[in-house]
Amino acid sequence: MASGRLFHAYAFMQPSDDEPIRSVITETAEAAVVAWYVKPGQRIAAHLHPSGQDTWTILSGQGDYQTEPSGASLAITAGDVVVAPKGCVHGVRNNGKEPLTFISVVTPADAGFEPVRN
């Protein structure tokens, strides 16, 4: 259902028993739009984008959104929007009983990726 401007987010969600899968919905030089499906107990490891911002719109579920290398986090739930400005640590652990699904928009698309060790 993609016409280049309209996408059905759930068509891109890919449940996995291993690591959550980064499913690219669309990507240009300006932004990468990605769908995430994180099962209960799964996590996306803490990381940062040295040259850009990552904005998440939470569609369903809940989690602990990591904001610091120390492991400090914020509770997030469906309807929340969380923003990791350039160079800020972020990651998430699904602490609920249902899938955590969200859309991530990384700007620019080549913002880079660096894992963070806690």
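1. A word on terms before we start: two strands count as paired here if DSSP finds at least two bridges between them. Please keep in mind as you read that this is a predicted model.

2. With that in hand, look at the open sheet of 5 strands, which has the order S6-S5-S8-S3-S10 with antiparallel pairing. Strand S6 (73-77) and strand S10 (114-115) stand at its edges with a single partner strand each, so one side of each has no neighbour in the sheet.

3. You can walk across this sheet from the S6 side. S5 and S6 run antiparallel and are joined by 5 bridges, and Gly63 stands opposite Ile76 in S6. Moving on, strand S5 (residues 62-66) pairs with S8 over 3 bridges, again in the antiparallel sense; here Gln66 is the residue opposite Gly91 in S8.

4. Next comes the step from S8 to S3. Strand S3 (residues 43-48) and strand S8 (residues 90-93) run antiparallel, with 3 bridges between them. A handy landmark for your viewer is His47, which stands opposite His90 in S8. Keep His47 in mind, as this residue returns in point 7.

5. There is another open sheet to look at, made of 5 strands in the order S1-S2-S9-S4-S7, and its pairing is antiparallel. Its edge strands are strand S1 (23-27) and strand S7 (81-84), each of which pairs on one side only. From one strand to the next, the twist averages 20°.

6. Within that sheet, S2 and S9 pair in the antiparallel sense over 7 bridges. If you would like a residue pair to click on, Trp36 has Phe102 in S9 as its bridge partner.

7. Now to the largest pocket: which residues lie nearest its centre? They are Arg22, Trp36, His47, His49 and Phe113, out of 20 residues that line the pocket. So two landmarks come back: Trp36, the bridge partner of Phe102, and His47, the residue opposite His90, with the volume of the pocket put at about 290 Å³.8. Which strands supply the lining of the largest pocket? Strand S2 (32-38), S3, strand S4 (53-60) and strand S9 (100-107) each give at least two residues. The largest share, 4 residues, comes from S3. S3 belongs to the sheet of point 2, while S2, S4 and S9 belong to the sheet of point 5.

9. Finally, the chemistry of that lining: its residues divide into 11 nonpolar, 4 polar and 5 charged.

Note on methods. Residues numbered from 1 in each chain as written. Predicted model: local features only at pLDDT ≥ 70, side-chain atom pairs only at ≥ 80, totals over all residues. Heavy atoms only, no water. 1 Å grid on protein atoms, 1.4 Å probe; cavity = no way out; pocket = protein on both sides within 12 Å on 5 of 7 lines; lining within 4 Å. Points joined across faces, edges and corners; volume = space filled by probe spheres on them. Nonpolar A, V, L, I, M, F, W, Y, C, P; charged D, E, K, R; others polar. Axes fitted to C-alpha atoms, helices over the stretch in contact; angles between N-to-C directions.
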